[in-house]
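Subject: Structure for you to look at

Dear colleague,

I am passing on the structure we spoke of, and I would be glad if you read the notes beneath it with the model open beside you.

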Amino acid sequence: AYKYQEEGAPFVFRAISRLDRNTSGLTLIAKDRISASNLSKAMKNREIHKKYIAILNGELSGSGIIHTYIKREAESIIFRRVCGADEGGDEAITEYSVISSRKGYTLVLASPITGRTHQLRVHFSHIGRPILGDDMYGQASELISRHALHAVSLDLLHPRTQNRLKVYAPPSDDIASVISQI
């Protein structure tokens, strides 16, 4: 929006994907109405694939799928929790694979199959491995001043040309620093 404002060009901000506050990495924004429509449909149809890296408290091995239902906590406008299928929550599915596990921490590559608010944070907390530094679903950390979650890649079809796009963002400096320490 700033770029177009500086150029004096009209621009409407059309966010297709978003990130939780304090999550770093990639987000997707459409430049025009047609692209926004095409990308929104692709997102709804699970044709846009996002991957995150996260540093977890505690050690895990291998890979897995976390399949639950998530709903907003009744007393909160932001906090989410895992619930039963019959409790009015939305289905939430996360696939993950362990990259490295040592010194009481695990670096994972996580793919949210569904896109629920706080999904990765809720899911990893639910299995007893909250994301490092997540003071909402885990606890704050001296190693990092936010939750250690970074949107590392997007894989999608270009909304106009239909060419495959794979976009990557290296880990932010604070997450890279923690990875090097553990």
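What follows is a short account of the strands, the aromatic pairs and a few single residues. Please keep in mind throughout that this is a predicted model.

I begin with the strands. β5 and β7 run antiparallel and are joined by eight bridges, and within this pairing I66 stands opposite T94 in β7. β7 also pairs with strand β8 (residues 105–112), again in the antiparallel sense and over eight bridges, and here T94 stands opposite P112 in β8. T94 thus has I66 as its opposite residue in one pairing and P112 in the other. β7 and β8 form a hairpin with two residues between them, and in the turn K103 has a positive phi of about 55°.

Next come the aromatic rings, where the count comes to three aromatic pairs. One of them is formed by F79 and Y137, which are stacked, with 4.7 Å centre to centre and 25° between the planes. Because F79 lies in the loop between β5 (63–72) and β6 (80–83) while Y137 lies in the loop between α3 and β9, this pair ties together parts that are 58 residues apart in sequence. With a relative accessibility of 27%, F79 counts as partly exposed, whereas Y137 has a relative accessible area of 8% and is therefore buried, the limit being under 20%.

Another pair is formed by Y96 and F124, which meet edge-to-face, at 5.8 Å centre to centre and with 70° between the planes. Since Y96 belongs to strand β7 (residues 90–102) and F124 to helix α3, the pair ties together parts that are 28 residues apart in sequence. Y96 and F124 are both buried.

The loop that holds Y137, between α3 and β9, is also where D134 is found, with α3 spanning 119–126 and β9 spanning 149–157. D134 has a relative accessibility of 0% and so counts as buried. If residues up to four places away in sequence are left aside, D134 touches R121, Q139 and H147.

One further detail involves a charge and a ring: the charged end of K3 sits over the ring of Y4, at 4.8 Å from its centre.

When you go through the model, you might start from T94, which faces I66, and then turn to D134 with its contacts to R121, Q139 and H147.

With best wishes

Definitions and conventions. Residues are numbered from 1 along each chain as its sequence is written. This is a predicted model: local features need pLDDT of at least 70, side-chain atom pairs count only at pLDDT 80 or more; totals for chains, interfaces and linings use all residues. Side-chain values use heavy atoms; hydrogens and water are left out. Helices (H or I, at least four residues) and strands (E, at least two) are DSSP runs, numbered from the N terminus. Buried means under 20% relative accessible area, exposed over 50%, partly exposed in between (1.4 Å probe, protein chains only). Contact means heavy atoms within 4.5 Å. Rings of Phe, Tyr and Trp (its six-membered ring) pair if their centres lie within 6.5 Å; planes under 30 degrees apart count as stacked, over 60 as edge-to-face and the rest as tilted. A charge sits over a ring if NZ of Lys or CZ of Arg is within 6 Å of the ring centre and within 35 degrees of the ring normal. Two strands pair if DSSP finds at least two bridges between them.
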